[in-house]
Amino acid sequence: MSIYDYPVLYDVLFSDSWKREIEFLKTALQYYCNISGRGRIFEPACGTGRLLWRLARLGHNVAGLDLNPKAVSFCNKRLKRHGLKESAILGDMTDFSLNSLQQKKPFDLAFNFVSSFLHLTSETAALSHFRAVAEILKPNGIYLLGLHLLPRGDAVCSQEQWSVRHGSLALQSQLRRLSLNRQRRIETVEFRIKATTPKRRYEIIDTFPLRTYTLQQFRILLKKANCFDILETFDFNFQSPVPLNSQTEDVVFVLKKIESDRVDS
Ligand SMILES: C[S@@+](CC[C@H](N)C(=O)[O-])C[C@H]1O[C@@H](n2cnc3c(N)ncnc32)[C@H](O)[C@@H]1O
């Protein structure tokens, strides 16, 4: 059972953070891309498109891509309901192009928050992802990538819980690590959601693997991908720059596309 097969629940579960995420995206577009009007924005692993439709409503040209057909359908239906273009495509974030996204022009900015990138469990997949994102961006384009990094040592946070209420729907969720193999760089995570409505109570339990990255491993990957530089880093509240060290956990990387004449051969 995949939590991503429940777009309504997913959307409610992550409903608290959209304001600061949208503010950050607007600021990033202005500050890093010098665009104060309409931008071209792409979200790989867009899920329900909880941010895409809000960006589209602000006048930006948006597109999204996700592997889950239910999420893509939910995203497109919502865009349509708001009179916006249905611009989410079913696809893999390791393999896409402007063509497959049905786009003619490259994007100013791409973003991928809430650690979706960690669903790519091999180095090959992660490298393909970076190269595909770089391909669909303009020169000097920006990729905002939010990641939960694995700190060195044993001081590792292994559980997170939160509750949300939306009308008569109450959700309690718990995300916890079931296992961690630092050598294989795979953690297995369990995501439980208890939903309560006036008529029924039910529980969804999903278990999935994520790839782990220490800061150093992430830097090595980026160097190998050879298409983005780290420009800045923020915390998950987008408030302050995050100092990068071996204990750093939650980071939003501001990545800038490397100019093609600077790509190391
Ligand atoms: C944590 S959700 C994030 C959704 C959205 N970005 C957000 O901020 O709400 C992760 C998403 O990644 C998608 N996903 C996982 N692996 C993928 C892949 N290889 N290609 C495209 N999407 C993928 C899942 O279907 C899911 O919708």
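Mentor: A residue is called exposed if 12 or fewer other C-beta atoms lie within 10 Å of its own, buried if 20 or more do, and partly exposed in between. Please keep in mind that we are reading a predicted model.

Trainee: With that in hand, which residues of helix 6 are exposed on its other side?

Mentor: They are Gln216, Lys223 and Lys224, whereas the buried residues of helix 6, which spans residues 215-225, are Leu215, Phe218 and Leu222.

Trainee: What puts these buried residues on the same side of helix 6?

Mentor: Leu215, Phe218 and Leu222 cover an arc of only 65° around the axis, and therefore they lie on the same side of the helix. These buried residues pack against strand 10 (228-234), and just after helix 6 comes Asn226, with a positive phi of about 60°.

Trainee: Let us turn to single residues. Why does Thr124 count as exposed?

Mentor: Thr124, which has its place in helix 5 (residues 123-136), has 10 C-beta neighbours inside 10 Å. The cut-off for exposed is 12 or fewer, so Thr124 counts as exposed with its 10. Its C-alpha atom is separated by 9.8 Å from that of Ala225, although the two residues are 101 apart along the chain.

Trainee: And why does Ala56 count as buried?

Mentor: Ala56 lies in helix 3 (residues 52-57) and has 22 C-beta neighbours inside 10 Å; since buried requires 20 or more, Ala56 counts as buried. If its neighbours within four places in sequence are left aside, Ala56 is in contact with Val62, Leu79 and Leu84. The C-alpha atoms of Ala56 and Asn181, by contrast, are separated by 40 Å, with their positions 125 residues apart along the chain.

Trainee: What makes Ser115 partly exposed?

Mentor: Ser115 has 18 other C-beta atoms within 10 Å, and partly exposed is the class in between 12 or fewer and 20 or more, so Ser115 is placed there. This residue lies in the loop between strand 4 and helix 5, and its phi is near 60°, a positive value in a residue other than glycine.

Trainee: Why is a positive phi worth pointing out in a residue other than glycine?

Mentor: Because most residues other than glycine have a negative phi. Gln102 is also listed with a phi near 60°; its place is in the loop between strand 3 (88-90) and strand 4 (107-112). With 9 C-beta neighbours inside 10 Å, Gln102 counts as exposed, because the cut-off is 12 or fewer.

Trainee: How do you know that strand 1 is largely enclosed by the rest of the structure?

Mentor: Five of the five residues of strand 1 (residues 40-44) are buried, and so the strand is described as largely enclosed. Both of its faces are covered, with Arg40, Phe42 and Pro44 buried on one side and Ile41 and Glu43 buried on the other. Strand 1 is joined by five bridges to strand 2 (residues 61-66), and the two run parallel; one of the pairs is Glu43 with its bridge partner Gly64 in strand 2.

Trainee: What makes strand 6 hardly covered?

Mentor: Of the eight residues in strand 6 (residues 159-166), the count of buried ones is zero. Strand 6 does have a pairing, since eight bridges join it to strand 7 (residues 169-181), and these two strands run antiparallel; a pair needs at least two bridges. Val164 has Leu171 in strand 7 as its bridge partner. The two strands form a hairpin with two residues between them, and Gly167 in the turn has a positive phi of about 60°.

Trainee: Which domains does the domain assignment give for the protein chain?

Mentor: The assignment gives domain 1 (3-150 + 213-262) and domain 2 (159-211). Between them, 13 residues of domain 1 are in contact with 14 residues of domain 2, and helix 1 (residues 7-13) gives the most to the side of domain 1 that touches domain 2, with three residues. By class, that side has nine nonpolar, three polar and one charged residues.

Trainee: Finally, which residues come nearest to the ligand?

Mentor: Of the 19 residues around the ligand, Ala45, Gly47, Asn68, Met93 and His119 come nearest, and the shell as a whole has 10 nonpolar, five polar and four charged residues.

Technical notes: Residues numbered from 1 in each chain as written. Predicted model: local features only at pLDDT ≥ 70, side-chain atom pairs only at ≥ 80, totals over all residues. Near = placed C-beta within 6 Å. Nonpolar A, V, L, I, M, F, W, Y, C, P; charged D, E, K, R; others polar. Domains from an automatic or database assignment. Contact = placed C-beta atoms within 7 Å. Helix = DSSP H or I, 4+ residues; strand = E, 2+ residues; numbered from the N terminus. Arc of directions from axis to C-beta.
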